[in-house]
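Visitor: I'm new to this. Could you walk me through how to read a structure like this one?

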Amino acid sequence: MKVSGADACYHVMTRTVNGERLFGDREKEILRKMLWQVADFCGVEVLTYCIMSNHFHVLLRVPVVSEIPDKELLRRYNVLYPKPTKYQTASIAVMEKELRDDGEEAEGIRRKLSARMGDVSEYMKAVKQRFSVWYNRSHQRYGTLWAERFKSVLVEGKGNPLQTMAAYIDLNPVRAGIVDDPKDYRFCGYAEAVAGNKLAKEGLAGIWASHADGSARSRSSLAEALQSHRELIFGKRAAEAGLAEVTREKALKVLEKDDAVLPKATVLRCRVRYFTDGAILGSREFVRGFAGVWQMEKGRKHPPKPNLLRGADWQDLATIQGLRKQVFG
């Protein structure tokens, strides 16, 4: 689903073919760099991300596409080729000349490049294709690397929905049992922000620029954003490293069998399908506002209704899909 007329936020996730655990530290590092590199080219903002051994998540803000000056088009194009070959250097020089001459060829170049920018599908296509080429060449491998196109959830772009989705993404290595604290996992946005990466810090600050209800904060420093994010991740134990007292296994048992309500930080440590299979995630009004578009795209006879998330105090957080079976799993 593509939103027109306003900035949009998306949680996108894709998995390797057959779920094979193909990515070690070297592969994760290359993919990490590509996530930021392609975001610069496409003109989208990475708010946070997490790379695991067989899949990755990215939370993106995609701005409204406006006319891009030629100088900026060339800068973005050069971002994709930090170490250009002789052929690429020559091609860039030709492109620069065509744009200066401002003829028919220049209009074609502008259309072609602009079509690849400001779009979540084009971003994911570029990341996955570029990484596949590198991976197959580096591992003497051929064939498809990815199991699917990608999953995408449209997320309300401020307040509780965006903050909850970001925490869910950053908690991936905790759910997998790799670390007790996501700050110790170098391949996620939260850890990069803690370590001082400028873009990661800007992404986290953007996530926490609003209160939970979506109203703007009067001031939002990086330190405040880090503290707020940590409080959401760990709940009342924000100052401590380690898992919440309720284990994942116990939480799942309580949720599925007893239909109880648990602290949000505990539930976020579970595999919650709402965050990958929900299609649209936000307040009930936000979900209701996009129900018609989703209905037309899916060819459904009847419009869907917003479904409130269960299992925790989600503060009016709803999704377009009810996911009645194995919501937590």
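Visitor: Let's start with one residue: is Cys9 buried or exposed?

Guide: Cys9 counts as buried, because its relative accessibility is 3%. Buried means under 20% relative accessible area, exposed means over 50%, and partly exposed is in between (1.4 Å probe, protein chains only). Keep in mind that this is a predicted model, where local features need pLDDT of at least 70, side-chain atom pairs count only at pLDDT 80 or more, and totals for chains, interfaces and linings use all residues. Residues are numbered from 1 along each chain as its sequence is written, and side-chain values use heavy atoms, with hydrogens and water left out.

Visitor: How many disulfides are there?

Guide: A disulfide is a covalent bond between the sulfur atoms of two cysteines. The rule here asks for a pair of cysteine sulfur atoms within 2.5 Å, and the count comes to 0. For Cys9, the nearest cysteine sulfur is that of Cys42, 16 Å away. Cys50 is in no disulfide either, and its nearest cysteine sulfur, that of Cys188, is 5.4 Å away. Cys50 is buried too, with a relative accessible area of 0%.

Visitor: Now the helices. How do H2 and H4 cross?

Guide: Two packed helices are described by the angle between their axes and the distance between the axes. Helices are DSSP runs (H or I, at least four residues), numbered from the N terminus. Axes are lines fitted to C-alpha atoms over the stretch in contact, with angles from 0 to 180 degrees between N-to-C directions. The axes of H2 (residues 70–79) and H4 (residues 104–114) come within 11 Å and cross at roughly 55 degrees. H2 and H4 are therefore oblique to each other; under 35 degrees counts as roughly parallel, over 145 as roughly antiparallel, 65 to 115 as roughly perpendicular, and the rest as oblique.

Visitor: Which residues make that contact?

Guide: On H2 they are Asp70, Leu73 and Tyr77, and on H4 they are Arg110, Leu113 and Ser114. Contact means heavy atoms within 4.5 Å.

Visitor: What about H9 and H10?

Guide: The axes of H9 (residues 198–207) and H10 (residues 222–234) come within 9 Å and cross at roughly 70 degrees, which means H9 is roughly perpendicular to H10. Lys201, Leu204 and Ala205 of H9 touch Leu222, Ala225, Leu226 and His229 of H10.

Visitor: Where is Arg32?

Guide: Arg32 sits in helix H1 (residues 25–42), and at 14% relative accessibility Arg32 counts as buried. Leaving aside neighbours within four places in sequence, Arg32 contacts Tyr49, Ile51, Arg186, Phe187, Glu192 and Asn197.

Note on methods
Helix = DSSP H or I, 4+ residues; strand = E, 2+ residues; numbered from the N terminus.
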